[in-house]
Amino acid sequence: MEMPMSSNGARVDLQKWLSDAGEAVNQALTETLNGNGADHSRLAESMRYSTLKGGKRFRPALVLLSCEACGGRREDALPAAVAIELIHAFSMIHDDLPGMDDDDYRRGQPTNHKVYGEGMAILAGDALVMLAFQTLADRLDDARKACRVISELSDAAGWGGMIAGQADDIDGAGQEADEEQVRRIHRLKTARLISAATRSGAIVSDADDAMIEAMSTYGERLGLAFQIVDDLLDVVGVEETVGKTLRKDEKSRKITYPGVVGVERARGMASQLVDEACQTVEGFGAAGRLMSELARFGLNRTH
Ligand code: IPE
Ligand code: IPE
Ligand code: MG
Ligand code: MG
Ligand code: MG
């Protein structure tokens, strides 16, 4: 993940931390996706295309960082980091399909179905979810923790979480919405997985309930802010930098924060949520400070 350079020491530390963590995550993802050895089927290529080519790795960074903030070791959190990124990749492939947002570009390149066709894109997404849960079952060394993380992720990504949010996002298109409705959709479709990332990092580190709760609150606030910023980038972002086709949400009559509360209020709300996220990690030492920096990066990002 590229961070803006600055003379601020903490920011530079985060840059270094993210580049190390990103490398560890990319290596683990590559190993996981090469698990079937010399599988050069179109299915395997399609899965690798949407997982290994680009992406900020925001969610896996949060898994590792929350694990470290709770006193755990990075290597213990890697399987959960990989699993969350695989679930995220699945959600992006399906989100772009003609039956959903019908998008042609993501991460500055053609979307999965544009390259491999719709059928293969559906299957690649399906297979990435299975691989995520298989990774947790096979690679988390403690069976009790594996079950807890599997339960967290299936709940956060499933029909009571992200997928429910995506369903409401589709059904909401063209409907009038108030603040409560947009908050509900954004919490479900985006904040749930982001808070599952921070919760999972805490769980694998053997954190106590109070720590898990703090990581949960941080992830919820940041996750909601993250989707508000995504909505804002659709309105005010630069297409080449964001790497997606922009000004689409209004055309598709999606329920978004700028649409419901306006650009300025949406900005203020995202900023307030990030302040709240930062407050919840104040007692978590150096890793907590990095978490605050990462939250501010999520707020000020340009892609
Ligand atoms: C985009 O997620 C979709 C949202 C839930 C906002 P990211 O902005 O994390 O996408 P990549 O992985 O960096 O491309
Ligand atoms: C996606 O939201 C949220 C998901 C859970 C997949 P968007 O549809 O706004 O994400 P982008 O803008 O296509 O990345
Ligand atoms: Mg969408
Ligand atoms: Mg979309
Ligand atoms: Mg969007």
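User: Which residue forms a salt bridge with D230?

Analyst: This is a predicted model. In it, D230 sits in helix α10, and its partner is in the loop between α11 (239–242) and α12 (257–261). The two are 14 residues apart, so the pair links distant parts of the chain. The closest N and O atoms are 2.8 Å apart, and the partner of D230 is K244.

User: Is D230 buried or partly exposed?

Analyst: Buried would require under 20% relative accessible area. D230 has 21% relative accessibility, so D230 counts as partly exposed.

User: What about K244: buried or partly exposed?

Analyst: The same cut-off of 20% applies. Because K244 has 23% relative accessibility, K244 counts as partly exposed.

User: How confident is the prediction, and what is the average pLDDT of the protein?

Analyst: Of the residues, 96% score at least 70. The average pLDDT of the protein is 95.

User: Over which residues does pLDDT stay under 50?

Analyst: Where pLDDT is low, the predicted coordinates should not be read in detail. One stretch calls for that caution. The model has 12 contacts beyond four places in sequence for this stretch. It is residues 3–9.

User: Which residues are the protein donors of the magnesium ion (ligand 4)?

Analyst: The donor atoms are OD atoms, lying 2.0 to 2.1 Å from the ion. Both residues that supply them are buried. They are D95 and D101.

User: How far from the magnesium ion (ligand 3) do its protein donors lie?

Analyst: The protein donors of ligand 3 are D95 (OD) and D101 (OD). Their distance from the ion is 2.2 Å.

User: Which residue bridges the magnesium ion (ligand 3) and the magnesium ion (ligand 4)?

Analyst: The two ions lie 3.1 Å apart. D95 is listed among the donors of ligand 4 and among those of ligand 3. The bridging residue is D95.

User: With which residue does R106 form a salt bridge?

Analyst: The closest N and O atoms of the pair are 3.5 Å apart. R106 lies in strand β1 and its partner in helix α4, so the pair ties together parts that are 11 residues apart in sequence. Both side chains belong to buried residues. The partner of R106 is D95.

User: Which residues are linked with D101 in a network of salt bridges?

Analyst: D101 is a donor to the magnesium ion (ligand 4). It is also part of a network of salt bridges. The residues linked with D101 there are D169, K189 and K254.

User: How many salt bridges does a search of the whole structure find?

Analyst: Side chains of opposite charge can pair when their charged atoms come close. The pair of D230 and K244 is a salt bridge, and so is that of R106 and D95. The search of the whole structure finds 25.

User: Which side chain meets that of R57 in a salt bridge?

Analyst: The distance is 2.9 Å, N to O. R57 lies in the loop between α2 (42–52) and α3 (58–69) and its partner in helix α4, so the pair ties together parts that are 28 residues apart in sequence. Both residues are buried. The partner of R57 is E85.

User: Which side chain of opposite charge is nearest to D234?

Analyst: D234 lies in helix α10 (residues 209–236). D234 is buried yet has no salt bridge. A salt bridge needs the atoms within 4 Å, and the nearest side chain of opposite charge is 6.2 Å away. That side chain is R247.

User: Which backbone nitrogen lies 3.3 Å from a polar atom of the side chain of D234?

Analyst: Leaving aside neighbours within four places in sequence, D234 is in contact with T245, L246, R247, K248 and D249. One of these supplies the nitrogen. It is the backbone nitrogen of K248.

User: Which helices are included in what covers the buried residues of α8?

Analyst: Helix α8 spans residues 162–172. Its buried residues are M162, A164, G165, Q166, D169 and G172. The cover includes α4, α7 (143–157) and α9 (179–204).

User: Is H88 buried or exposed?

Analyst: H88 lies in helix α4. Leaving aside neighbours within four places in sequence, H88 is in contact with R59, R107 and L193. At 9% relative accessibility, H88 counts as buried.

Methods:
Residues numbered from 1 in each chain as written. Chains lettered and ligands numbered in written order. Predicted model: local features only at pLDDT ≥ 70, side-chain atom pairs only at ≥ 80, totals over all residues. Heavy atoms only, no water. Donors = N, O, S within 2.8 Å, 3.2 Å for Na, K, Ca; no water. Buried < 20%, exposed > 50% of the residue type's maximum accessible area, 1.4 Å probe, protein only. pLDDT = per-residue confidence, 0-100. Contact = heavy atoms within 4.5 Å. Helix = DSSP H or I, 4+ residues; strand = E, 2+ residues; numbered from the N terminus. Lys, Arg positive; Asp, Glu negative; His and termini not counted. Polar contact = N/O pair within 3.5 Å; in protein donor to acceptor, adjacent residues only side chain to side chain.
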